[in-house]
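Me: Please take a close look at one disulfide in this predicted model. Then work outward from there to the packing and the empty space around the rest of the chain.

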Amino acid sequence: MRYIRFRMLAATTTLLGATACNFDAMNGAGGRDLAFGSAFNTLPAGMEMTASSYSGDGSGLPWGGPEFGRGMMMGMGGPGMRGGPGMGGMMGGGLGADFVGAGQPGSGPHRGAFAARIDSSCTIAGTDVTCAATRSGLTVTTIYTNTSVTGAAQTKIDTLTTNTVRSRTTATGTVSRSRDGSVTATVNNSSDRTVTGLAPSSTQRTVNGWAKGSETASGTNREGQKFTAVRTSTDTTTGLVVPVSSGTSPSYPTAGRVVRVMSVQTTIDGGTPTTNNRREVITYDGSATAKVIITENGTTKNCTIALPRGRPSCG
């Protein structure tokens with residue numbers, strides 16, 4: 001996890017791409033209408049510190065609220081408007097690098113897709129290793145449970161024998177922003193991910209896990225309007241298989257499914273709440289093309305992405 005010393009090494013570096021699957025029209029963005037689609041550009045604050053498929057924008061800031069004529073500007077660059085590697089139209093900052101074959105190659109627990117490291121300053125209790133830190137005012141805790149190729153518990157990662165690492169993370173507290181308005185939010189994020197196949201002898205890695213985040217915010221947007229908003233996000237990775245790359249190029253997932261859901265309920269100046277939803281399903285079938293189904297507020301687009309590092313194509 002890049003925000004604290006005991007980070008998971010699954011890279012989430014964002015590579016900017018051209019706008020691909022733009023749903024501004026669904027949100028009614030344009031003119032002087034209030035647009036709510038920007039809520040999907042970023043994660044609930046602090047969720048980027050958990051283990052999920054989201055790349056995240058790294059700002060750690062809560063959403064600034066709806067804006068006039070500003071929808072979901074995907075893959076255009078700038079704070080809160082990024083796409084992941086080749087995923088210019090994906091929400092939450094895009095897809096993490098290891099989900100599109102844009103990570104680092106290599107074998108062993110410390111290298112390759114979904115690699116892991118645990119800081120030596122973390123504490124040991126039984127078979128668990130607990131690492132705690134404070135980041136941007138949030139309390140972040142990760143508990144690691146490690147096992148060898150024979151299933152034996154390990155209190156540290158052994159580069160020769162560690163095969164499975166389970167990480168359970170929470171990131172909670174209060175955050176605020178003062179740019180483009182003034183917003184304060186209470187956030188509650190958590191994740192649970194298990195990576196198997198980290199031993200040097202493994203030919204593939206399997207990833208299963210979930211993450212969820214919530215952000216309850218109030219304040220004023222850049223237009224000076226008072227608002228309250230509740231943003232929630234979930235992420236589920238099931239049976240994701242990534243072959244171990246022995247060459248100089250990383251490999252991409254060949255099996256598995258990722259389901260990402262975000263929802264935002266917004267109330268302007270005490271008026272009637274407005275709810276917007278978005279769901280993205282990414283399926284890997286062993287080919288060099290990932291299937292992506294995006295549904296926003298009841299409208300669906302079927303897309304594909306060439307692996308590795310391709311850009312989405314939504315016909």
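Reply: Start with the link between C303 and C314. Their sulfur atoms lie 2.2 Å apart, and the two residues form a disulfide. The model is predicted, so this is a computed distance. The cut-off for a disulfide is 2.5 Å between cysteine sulfur atoms, so the pair qualifies. About its S-S bond the torsion is about 110°, so the link of C303 and C314 is right-handed.

Where do C303 and C314 lie? C303 is in strand β14, and C314 is in strand β15, which covers residues 312-314. The pair therefore ties together parts that are 11 residues apart in sequence. C303 has a relative accessibility of 4%. Buried means under 20%, so C303 counts as buried.

Now the loop between these strands. P308 is found there, between β14 and β15. The peptide bond from L307 to P308 is cis, with omega near -5°. R309 is in the loop between β14 and β15 too. R309 has a positive phi of about 65°, although R309 is not a glycine. Its relative accessible area is 43%, so R309 is partly exposed. Both features stand out against a general background: most residues other than glycine have a negative phi, and most peptide bonds are trans.

Another positive phi sits elsewhere. D269, again not a glycine, has phi near 50°. D269 lies in the loop between β11 (255-268) and β12. At 52% relative accessibility, D269 counts as exposed; the cut-off is over 50%.

Back to the cysteines. The total is two disulfides. C122 is joined to C131, with an S to S distance of 2.0 Å. The angle about the S-S bond of C122 and C131 is 115°, and this link is right-handed. C122 is buried at 13% relative accessibility. C131 is buried as well, at 1%.

Next, the packing. In soluble globular proteins, nonpolar side chains tend to be buried together. Here the largest nonpolar core holds 30 residues. Those that touch the most other members are L95, F99, F114, L240, I282, Y284 and V292. Two or more residues come from each of β4 (128-135), β10 (226-243), β12 (274-284), β13 (289-296) and β14 (299-306). So β14, the strand that holds C303, is among the contributors. The most comes from β13, which gives three residues.

Y284 deserves a closer view. What does Y284 contact, leaving aside its neighbours within four places in sequence? The partners are L95, F99, L240, P253, T254, A255, G256, V258, A290 and L307. L95, F99 and L240 also appear among the core residues that touch the most other members. L307 is the residue that precedes the cis bond to P308. Y284 therefore brings the view back to the β14 to β15 loop, where P308 is found. Apart from this core lies another, of 17 residues, including F36, W63, A217 and A229.

Last, the empty space. Rolling a probe the size of a water molecule over the atoms shows where such space is left. The whole structure has three cavities of 30 Å³ or more. The largest has a volume of about 80 Å³. It is lined by 14 residues, and Q104, G112, A113, P243 and S251 are the closest to its centre. The lining divides into six nonpolar, six polar and two charged residues.

Terms used: Residues are numbered from 1 along each chain as its sequence is written. This is a predicted model: local features need pLDDT of at least 70, side-chain atom pairs count only at pLDDT 80 or more; totals for chains, interfaces and linings use all residues. Side-chain values use heavy atoms; hydrogens and water are left out. A nonpolar core is a set of buried Ala, Val, Leu, Ile, Met, Phe, Trp, Tyr and Cys residues joined through side-chain atoms within 4.5 Å. Buried means under 20% relative accessible area, exposed over 50%, partly exposed in between (1.4 Å probe, protein chains only). Helices (H or I, at least four residues) and strands (E, at least two) are DSSP runs, numbered from the N terminus. Contact means heavy atoms within 4.5 Å. On a 1 Å grid over the protein atoms alone, a cavity is a set of points where a 1.4 Å probe fits but cannot get out, and a pocket is an open set with protein on both sides within 12 Å along at least five of seven lines; lining residues have an atom within 4 Å of a point. Grid points are joined across faces, edges and corners, and a volume is the space filled by probe spheres set on the points. Ala, Val, Leu, Ile, Met, Phe, Trp, Tyr, Cys and Pro count as nonpolar, Asp, Glu, Lys and Arg as charged, and the others, Gly among them, as polar.
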